[in-house]
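Here are a few exercises to work through with the model open beside you. Try each task before you read its solution.

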Amino acid sequence: MSFMDKHAPRSVDDLVIENKHTKQRLEDYASGDRSRHMIMHGPKGTGKSSAARVIAEARTMVDGEQVPFWTRNAASMTAADFGAILNEWDFQRQCGVRHPVTIIEEVDKLSAGMRDQLQAFIDEFGKHGQIIATSNNLDGLSYAQQDRFDQIKMPPVSAAACEERVRHIFASEGAHVSDDHMRGMLGTTHGSWRDIGSAIEDMVLDSTRQKKA
């Protein structure tokens, strides 16, 4: 397991989202109170994929058991994927999932023809399950295609908002990092959790080496 996987968010509470309204909407999706097709959009590294996974995991948990769900990268999707999604939704429903889900990453990278097929699929079969999509560039979809989704903006997070989560990771690793050092690191990551995760791993390794020295 990679360092990032080890410390990946496990619930909506673990996600660092400064806008309370946005965080509540994600919680509503995770709990099943909302079930519209949704698309999280924003710059790279802002937690879109983590949020999609957390929501899908919560929606497919049945009696304490995790029912499988599938994630697709839009760039490699073909027409056959839509039939497969229907089969996956049927499987999840048979396992007791009330609102079946599928994740489509970077949905803006679908070809023009595939974007049209996705729109047609949602119009015809969308009531049978939920698409959770992510996008770095919402403008890559037409207005009609965007309108099929609840659009949730995921902007970069401030350094201050990340501090509590970062301290928790350091503590779980037994790493002793001063607040000044931590804040200096966060100031170089520009609100990208990928960059933050990489920097945290470097600092944990440095702390471990210092203990052994």
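**Exercise 1.** Check whether the length of helix H5 (residues 112–125) fits its residue count in this predicted model.

*Solution.* Start with the count: H5 has 14 residues. At 1.5 Å a residue, taken over one less than the number of residues, the helix should span 20 Å. Now look at its end C-alpha atoms: they are 20 Å apart, which agrees.

**Exercise 2.** Find out which residues of H5 are buried, and how they are arranged around the helix.

*Solution.* With buried meaning under 20% relative accessible area, pick out Met114, Arg115, Leu118, Gln119, Phe121 and Ile122. Next, look down the axis of H5: these buried residues fall within an arc of 160°, so they line one face of the helix. The spacing helps here, because an α-helix has 3.6 residues a turn, so residues three or four places apart point the same way. Finally, see what they pack against: helix H4 (80–94), strand S5 (101–105) and helix H6 (143–146).

**Exercise 3.** Work out the strand order of the five-stranded open sheet, then place helices on it.

*Solution.* Read across the sheet: the order is S4-S5-S6-S1-S7, with parallel pairing. The edges are S4 (70–73) and S7 (150–153), each pairing on one side only. Zoom in on S4 and S5: four bridges join them, and threonine 71 stands opposite isoleucine 103 in S5. Now add H4, which packs on the sheet, touching S4, S5 and S6, with its direction at about 165° to that of S4. Then add helix H2 (residues 20–31): H2 lies across S1, S6 and S7, running at about 135° to S7.

How values were computed. Residues numbered from 1 in each chain as written. Predicted model: local features only at pLDDT ≥ 70, side-chain atom pairs only at ≥ 80, totals over all residues. Heavy atoms only, no water. Helix = DSSP H or I, 4+ residues; strand = E, 2+ residues; numbered from the N terminus. Buried < 20%, exposed > 50% of the residue type's maximum accessible area, 1.4 Å probe, protein only. Arc of directions from axis to C-beta. Contact = heavy atoms within 4.5 Å. Pairing = 2+ DSSP bridges. Axes fitted to C-alpha atoms, helices over the stretch in contact; angles between N-to-C directions.
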